[in-house]
Amino acid sequence: MRSLITAAAVCLLGCDARMHEVPDQSPVEQTCPLGQDASVAAEVTVDALLREMVQLEHLTRLPDPEYSSHFVSSHDPSSDDAAPGEEAWYANRDFRTFPAGEETVLLEVEGPGALTRMWSATPAGTMRIYLDGADEPAVEAEMRALLRGDVEPMRAPFGSIAAGGHNLYFPVPFARGIRVTLSSDAEAFVYYHISYRRYADGTSVESYGRDALSTADCMLEAVAQALERPAGAPAAAGDLAEATLDTADAEATLELEAAVGGSVLSELRIEPETRDARVLRETMLVLSFDGEETATLPLGDFFANAVAAREVTSLPALVDADGSLRSRWPMPFAQRARIALRATGERAQRFEVAATHRPAPFDERSLLFHAGWRAPETFASKPPSDWLLADLQGDGYYVGNVLNVLNPAPSWWGEGDEKIYIDDEPFPSHFGTGTEDYYGYAWCSNAEFSSPYIGQPLSSERQNFGPSTLYRFHVLDPLRFRSSLRFDMEVRHWGDPVDVTYDAASFWYSRPGSVARGMSSAREDYRQPASPDAPAELPEGAYTCGG
């Protein structure tokens, strides 16, 4: 295995290749290693699904066993019989009323599957999860306590509160069916999301329960530790290729040759010369695998740092306090990988680039990593409309996005719902309840936070005025598509009519040859529009619009 630099003056780029040293692991990591490939599990179990929460390699291959991705929410049912563009399509009573004293069904599914995520802005009452037709619930707890991580074994960090949103990421597999209910002593108004997988009939699934948890006891602790300190997780092992890339040189590119049978780029570290969000927005990251260009987007957007420099502690992408950029998205290739940085603005910059790669089989089930970008686009806030984030053709998983919003008013900009169509379905199977709800928080909060799967690393200090940056990464809950995926985000604003600007980066894995329609390129407008000064009368500090 060797590392190549495609530049005329190789020595000027300071390339080097050596083995990457792995830091010491914790006692739990030593006895319960996370390094085993979750994608080779023979049976769907709590233990195997827990691995998927922190081990991203399962996203690099078509699933085995196969599954489909599903979602239910409290979105306004008036939209269900409306056509896109009609007034009812944007109906906004996105909560459900639960009568006092009744046990009401939120989700009921027959056949094998797995619950992956739950969210609520207003958790209330008692939640019960019944599995495989049992009369007694496998889980029974106060909904608020369950989603915030106060119930064993679904403790924090599996459950947490993020800027008013209650999030539970914990796998609950079931062999023959699931029923999720809610009951309350008083009438309750609840906003909720539930994400789950469905496997084909006959799939071997070990249902959630005492025996499954006993087997997964070690993995529970290892995954909890990894989620609690994503920035401090051990570096990936493998060969390390290094180069200094100067964006003034159009030929400055780092290339990797695959081992016989294939390789995976397991970690990409980039050290900017200066920590400047404008430079990161004006530097294009271009990734190619086996001759196919699969990612073209601003470097800052790749790391949720295109508008302002912020620390990010997500699982797949991190920005350290010193401005170091680390990507842990695994990127398979059969023959060759190519990493390029290109200046699109007036300022060139030098970057120290280090790529860790190791042998990994590349075959008919292998998927290529993709990332694309929708350049800034400005919309009238009224009437509501839908903005296209991604339109994908292929076979793979949608695994998340980074959204930038510029709001020229103090009133809330994010009332719009996500609407995700999978495999040409006529109605979106994923129909949300509000933009901030998709990103895991609630109530128009301007609190800044960063966590393994969701974050708002940038927000306004004056209500909801100015720029915001948000991210969500689908790791345990990837959106499986076999032919197509379309992701629309509704543009809906509370205040007087204004012009709101959006741009977004999307991330997905798919078979070679897939197509992304409408993505921007380095030749298009990359600049982040200037944010107007906030009115002096707007109060500074923490803000919410309810909750």
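Buried means under 20% relative accessible area, with a 1.4 Å probe and protein chains only. The model is predicted: local features need pLDDT of at least 70, side-chain atom pairs count only at pLDDT 80 or more, and totals for chains, interfaces and linings use all residues. Residues are numbered from 1 along each chain as its sequence is written, and side-chain values use heavy atoms, leaving out hydrogens and water.

**View A. Strand β11 and its two partners.** In β11 (residues 177-183), 6 of 7 residues are buried; strands are DSSP E runs of at least two residues, numbered from the N terminus. Strand β5 (residues 104-110) runs antiparallel to β11, joined by 6 bridges, and β7 (residues 126-131) is likewise antiparallel to β11 with 6 bridges. Pairing requires at least two DSSP bridges between the strands. R179 of β11 stands opposite E108 and is also the bridge partner of Y130.

**View B. Lining of the second largest cavity.** A cavity is a set of points on a 1 Å grid over the protein atoms alone where a 1.4 Å probe fits but cannot get out; lining residues have an atom within 4 Å of a point. This cavity has a volume of about 120 Å³, the space filled by probe spheres set on the points, which are joined across faces, edges and corners. Its lining comprises 18 residues, with S195, H430, H474, D477 and L479 nearest the centre. Strand β3 gives the largest share, 4 residues.

**View C. Surroundings of W329.** W329 touches, among others, L56, F302, F369, F473 and Y509, not counting residues up to four places away in sequence; contact means heavy atoms within 4.5 Å.

Key: 1 Å grid on protein atoms, 1.4 Å probe; cavity = no way out; pocket = protein on both sides within 12 Å on 5 of 7 lines; lining within 4 Å. Buried < 20%, exposed > 50% of the residue type's maximum accessible area, 1.4 Å probe, protein only.
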